[in-house]
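Please open the structure in a viewer and follow the stops below in order. Each stop says what to select and what is there.

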Amino acid sequence: MNSDRKVALVTGAGQGIGKAAAYALLEDGWTVVFSGRRQETLEAAITEAGAGADTAIAVTCDVGKREEVAALFAETKSAFGRLDLLFNNAGISAPAVPLEDLRFDKWQQVVDTNLTGIFLCTQEAFRIMKAQEPMGGRIVNNGSISAHVPRPNSAPYTSTKHAVTGLTRSTSLDGRKYNIACGQIDVGNAATEMTQRMSQGVPQADGSVASEATMAVENVAQAVVYMARLPLDANVQFMTVMATTMPFIGRG
């Protein structure tokens, strides 16, 4: 692989936003590590990438497990010698049940993936980025619209995405001395496997069920590329990319 290409690592890259962002980064000339929990899904995603697939590798990892995260970053460093961009994208949600009925193990699974996973990946990225030459790099966290407002029966997902905002701010501050920039992209209703149900109707705050507008996931991918391409003396701290008419701005 071309050693002159910058190296990006994308978690949750087997489908949805992660896959689209990984493709966009490949098209922009990056070497990309596709990471996720299923090897066959990652390999299929790379094969489907077409042009640029020869500058990508697949590495399985459950970001909620410390040992697997350490192995992911060790393999990335061994393969490419550096890391220029981490897109912390992997995330899951819990069943949409009343808060008082949510099983603890479902809560814990969401916390482990959406919050602890981002923390563990950020730790490993820091260790590589602060030690490489030239020193530094960029971390982009996927925050979601839920980092601002909740949907009904979404306590685990909403709580973790609010927490990601705090982690983004702390990472941005603590990374300054190492020339590590950190920003957050908050996505609303990108058309992926996870949002197919929105056209059929999803619960609203007033108790009704209504269909919601979606947007092409490529809009998110291009936003990630924009953030990634900035020089390290510039940073998008927070960006919201959303379907224009989704029920986010206004009262419901």
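The tour goes from the whole chain to the sheet, then to the helices on it, the aromatic pairs and a single loop residue.

**Stop 1: the whole chain**

Keep in mind throughout that this is a predicted model. Show the protein chain as a cartoon: it has 6 helices and 11 strands. Its C-alpha atoms fill a box of roughly 55 × 35 × 35 Å along the principal axes. The radius of gyration is 18 Å, which agrees with the value near 18 Å for a compact globule of 252 residues. Colour by accessibility next: 50% of the 252 residues count as buried. The chain exposes about 12100 Å², and carbon and sulfur atoms supply 51% of that area. Of the contacts between residues at least 6 apart in sequence, 70% join residues at least 24 apart.

**Stop 2: the sheet**

Select the strands of the open sheet, 7 in number, and read across them in the order β3-β2-β1-β4-β5-β6-β11; the pairing is parallel. At the edges are β3 (56-60) and β11 (238-242), each of which pairs on one side only. Looking across the sheet, the twist from one strand to the next averages 20°.

Now restrict the selection to β1 (residues 7-11) and β4 (residues 85-88). These two strands run parallel and are joined by 3 bridges. Which residue of β4 stands opposite Leu9? Leu86 does.

**Stop 3: helices on the sheet**

Add helix α4, which packs on the sheet and touches β1, β4, β5 (137-142) and β6. The direction of α4 makes about 175° with that of β4. Then add helix α6 (residues 218-229), which lies across β4, β5, β6 and β11. Helix α6 runs at about 165° to β6.

**Stop 4: aromatic pairs**

How many aromatic pairs does a search of the whole structure find? It finds 2. Show Tyr23 and Phe34 as sticks: their ring centres are 6.3 Å apart, with 50° between the planes, and the pair is tilted. Tyr23 sits in helix α1 (residues 16-27) and Phe34 in strand β2 (residues 31-36), so this pair links distant parts of the chain, 11 residues apart. Phe34 has a relative accessible area of 0% and is therefore buried.

Move on to Phe126 and Tyr178. The centres of these rings are 6.1 Å apart and the planes stand at 80°, so the pair is edge-to-face. Phe126 belongs to helix α4 (residues 104-129), while Tyr178 lies in the loop between α5 (155-174) and β6 (180-188). The two residues are 52 residues apart, and the pair links distant parts of the chain. Are these two residues buried or exposed? Phe126 is buried, at a relative accessible area of 15%. Tyr178 is also buried, at 19%, because the cut-off for burial is under 20%.

**Stop 5: Val236**

Finish by selecting Val236, in the loop between α6 and β11. Val236 has a relative accessible area of 13%, so this loop residue is buried. Apart from its neighbours within four places in sequence, Val236 is in contact with Gly183, Gln184, Tyr226, Met227 and Leu230. For a distance check, pick the C-alpha atoms of Val236 and Cys182: they are separated by 8.0 Å, although the residues are 54 apart along the chain.

Note on methods
Residues are numbered from 1 along each chain as its sequence is written. This is a predicted model: local features need pLDDT of at least 70, side-chain atom pairs count only at pLDDT 80 or more; totals for chains, interfaces and linings use all residues. Side-chain values use heavy atoms; hydrogens and water are left out. Rings of Phe, Tyr and Trp (its six-membered ring) pair if their centres lie within 6.5 Å; planes under 30 degrees apart count as stacked, over 60 as edge-to-face and the rest as tilted. Helices (H or I, at least four residues) and strands (E, at least two) are DSSP runs, numbered from the N terminus. Buried means under 20% relative accessible area, exposed over 50%, partly exposed in between (1.4 Å probe, protein chains only). Two strands pair if DSSP finds at least two bridges between them. Axes are lines fitted to C-alpha atoms, for helices over the stretch in contact, and angles run from 0 to 180 degrees between N-to-C directions. Contact means heavy atoms within 4.5 Å. The radius of gyration is taken over C-alpha atoms; the globule rule is 2.2 Å times the number of residues to the power 0.38. Accessible areas come from the Shrake-Rupley method with a 1.4 Å probe; for residues, only the protein chains shown count as cover.
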